[in-house]
Amino acid sequence: MGKVRMCVWIDEDIYYSFKEWVMKKHKKVQGVMGEEVGRAILLLMNLESQENSEEALLKATKPRKKYIELLKWLYNIGKLSPIITNKAIERWIREHLGVMSKSTIHSYMSFAKTFLWEERRTKGGLIEYSILLDKIEKYAKIHNIELEEPARTTVKEPEPSKVTIRGFEVSLETTSKKTPNQSALAEIVMDLYQSGYSASEIVNKLEALGLNISANRVLNIIRRELRNEFV
Amino acid sequence: MEKVKLFVWVDKEVYDRFKEYVFKKYGKLHRVFGLELTKAMKLYLEKEALSKR
């Protein structure tokens with residue numbers, strides 16, 4: 001994309017704080033300052049346009065059932081942790097919506113991006129997004145979408161299949177059942193793990209998201225997920 | 001408040017959109033373009049500081 005040279009008079013304080021922050025983030029200023037200024041501009045325009053976003057959202061047609069499922073999942077995961085990666089979303093689309101075609105995944109991602117704000121990109125092609133819960137709520141309200149799962153009636157679970165060996169009843173069911181929150185947490189942990197973060201780094205990342213989880217628990221999740229991959 | 005001159009290379013598309021946005025808001029660019037850019041940079045810094053917490 002073409003670039004243009006922008007020359008503007010701005011407040012001194014903001015200029016130096018911004019420069020310092022860019023230096024802190026990229027360890028350099030040259031070549032990245034413009035990129036960050038561009039992001040700042042987009043953020044401002046995005047926020048200002050949000051005031052009129054309700055109108056724009058109203059114009060949009062009601063999404064398909066699978067898009068609604070994606071929206072609900074994004075909302076629920078956003079309440080658990082505000083940051084999510086593109087890989088986690090794509091994996092969920094593949095595994096839970098059964099979408100395999102790249103172009104279809106891309107169209108689901110484009111829909112999801114309406115409710116995401118790009119935080120940062122890593123070298124491995126991983127993009128971290130923050131989930132815009134307010135925007136999802138607004139959109140759901142317009143299209144009468146229930147984001148929260150309706151309270152489920154308690155259904156007695158069937159007895160696990162059992163066999164009797166030498167007079168002892170042994171259950172054949174060995175895999176433990178995960179709650180949705182556990183699986184979401186496991187997805188986040190595995191994403192970070194696969195991006196090359198160590199257990200302690202994952203603990204720090206989760207702590208930054210407001211989740212206090214011990215390193216041992218993180219290791220247990222990684223072991224369990226790796227075990228499950230091979231079962 | 002003191003002012004400094006900022007020289008940066010930005011995407012043409014972003015620059016044009018921003019110019020259009022400022023013009024629509026104020027009906028002019030002179031004196032308000034820098035004001036809006038300062039606002040954008042301040043907002044971005046605040047958002048980044050918040051997400052670090």
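I began with Arg120(A) and looked up its partner across the sheet, finding that Arg120(A) stands opposite Glu128(A) in E4(A). I keep in mind that this is a predicted model.

I then followed the pairing around these residues: E3(A) and strand E4 (residues 127-131) of chain A run antiparallel and are joined by five bridges. Strands of a sheet pair through backbone hydrogen bonds, in either a parallel or an antiparallel way.

Next I traced the sheet as a whole, which is open, has three strands in the order E2-E4-E3 (chain A), and shows antiparallel pairing. Strand E2 (83-85) and strand E3 (116-121) of chain A are its edge strands, each of them pairing on one side only. I noted that the twist averages 35° from one strand to the next.

I also asked which helix lies across E2 and E4 of chain A. I found helix H5 (residues 86-97) of chain A there, running at about 65° to E2(A).

Turning to chain B, I read the pattern β-α-α along its sequence, in keeping with a count of two helices and one strand. Of the 53 residues of chain B, 25% count as buried.

My last entry concerns Lys19(B), which I located in helix H1 (residues 12-26) of chain B. Is Lys19(B) buried or exposed? I recorded Lys19(B) as partly exposed because 15 other C-beta atoms lie within 10 Å, a count between the limits of 12 or fewer for exposed and 20 or more for buried. I also checked Lys19(B) against Phe33(B): the two are 14 residues apart in sequence, and their C-alpha atoms are 7.5 Å apart in space.

How values were computed: Residues are numbered from 1 along each chain as its sequence is written. Chains are lettered from A and ligands numbered from 1 in the order in which they are written. This is a predicted model: local features need pLDDT of at least 70, side-chain atom pairs count only at pLDDT 80 or more; totals for chains, interfaces and linings use all residues. Helices (H or I, at least four residues) and strands (E, at least two) are DSSP runs, numbered from the N terminus. Two strands pair if DSSP finds at least two bridges between them. Axes are lines fitted to C-alpha atoms, for helices over the stretch in contact, and angles run from 0 to 180 degrees between N-to-C directions. Two residues are in contact if their C-beta atoms, placed from the backbone, lie within 7 Å.
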